[in-house]
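Biologist: I'd love a close look at one part of this protein with you. Could you take me through the strands and the aromatic rings around them?

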Amino acid sequence: MNTQDIRRLFTDFFAERGHRRVPSSSLIPPPDEKTLLFTSGRAENGQLDLFVSTRGRTGEAWGKPVNLGPPVDDPTAGDFALRLSLDDQALYFSSNRQGGFGSSDVYVARRKSANHPWGPPENLGPLINTEAY
């Protein structure tokens, strides 16, 4: 099975369960990863939201996805296009939440370590976010 087959299998699996396809979303975590962060349209609010699924060790099945929830995920807005920093302490994502500079802004939520909760997200400001988007 090649990478394209894996991606198709992955996206078909979630599409069959009511998720929207989001072409730019991260699809496949590294094989030794125990935490999978992803964007999904499965939320009841009709928006894209941020979810996490975990597993005990490599090779085990992923657990049931859980919405990241407040303070990171805004239940009244779309949150999407997330990327985790290499040290697992910063989560960058886009959102169309209120108070931004454009239609969608880039935010970062931080935590002390992978064992700590996420803090409230911060807008990266007008040098990164503009009225144009």
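To start somewhere concrete: which residue in β6 does Ala90 stand opposite?

Modeller: Happy to help, and please keep in mind that this is a predicted model. The residue you are after is Arg110: Ala90 stands opposite this arginine of β6. That contact belongs to the pairing of β5 with β6, which is antiparallel and covers 6 bridges.

Let's step back to the sheet around them. It is an open sheet of 4 strands, ordered β4-β5-β6-β7, with antiparallel pairing. At its edges are β4 (79–84) and β7 (122–123), each of which pairs on one side only.

Now for the rings on these strands. The model has 2 aromatic pairs. A pair of aromatic rings is described by the distance of the centres and the angle of the planes. In one of the pairs, Phe38 and Phe51 have ring centres 5.9 Å apart and planes at 20 degrees; planes under 30 degrees apart count as stacked, so this pair is stacked. Phe38 sits in strand β1 (residues 35–40) and Phe51 in strand β2 (residues 49–54), so to speak a link between distant parts of the chain, 13 residues apart. Phe38 and Phe51 are both buried.

Phe93 and Tyr107 make up a stacked pair as well, with 5.9 Å from centre to centre and 20 degrees between the planes. This pair brings us back to your strands: Phe93 is in β5 (residues 90–95) and Tyr107 in β6 (residues 105–110), and the two residues, 14 apart, link distant parts of the chain. Both Phe93 and Tyr107 are buried. Tyr107 has a charged companion too, as Arg97 lies over the face of its ring, at 5.1 Å from the ring centre.

Another aromatic residue of strand β5 is Tyr92. Its relative accessibility is 32%, which is why Tyr92 counts as partly exposed. Together with Leu124, Leu127 and Ile128, Tyr92 forms a nonpolar patch on the surface, with about 420 Å² of accessible area in total.

Finally, the strands that carry Phe38 and Phe51 have a sheet to themselves to look at. It is an open sheet of 3 strands in the order β1-β2-β3, and the pairing is antiparallel. β1 and β3 (66–67) are at the edges with a single partner strand each, so one side of each has no neighbour in the sheet. Between β2 and β3, which run antiparallel, there are 2 bridges. Val52 has Val66 in β3 as its bridge partner.

Technical notes:
Residues numbered from 1 in each chain as written. Predicted model: local features only at pLDDT ≥ 70, side-chain atom pairs only at ≥ 80, totals over all residues. Heavy atoms only, no water. Phe/Tyr/Trp six-rings, centres within 6.5 Å; stacked < 30°, edge-to-face > 60°. Buried < 20%, exposed > 50% of the residue type's maximum accessible area, 1.4 Å probe, protein only. Lys NZ or Arg CZ within 6 Å of the ring centre and 35° of its normal. Pairing = 2+ DSSP bridges. Patch = residues over 30% accessible without salt bridge, like charges linked within 9 Å, V, L, I, M, F, W, Y side chains within 5 Å. Areas by Shrake-Rupley, 256 points an atom, 1.4 Å probe, with all protein chains shown as cover. Salt bridge = Lys/Arg side-chain N within 4 Å of Asp/Glu carboxyl O.
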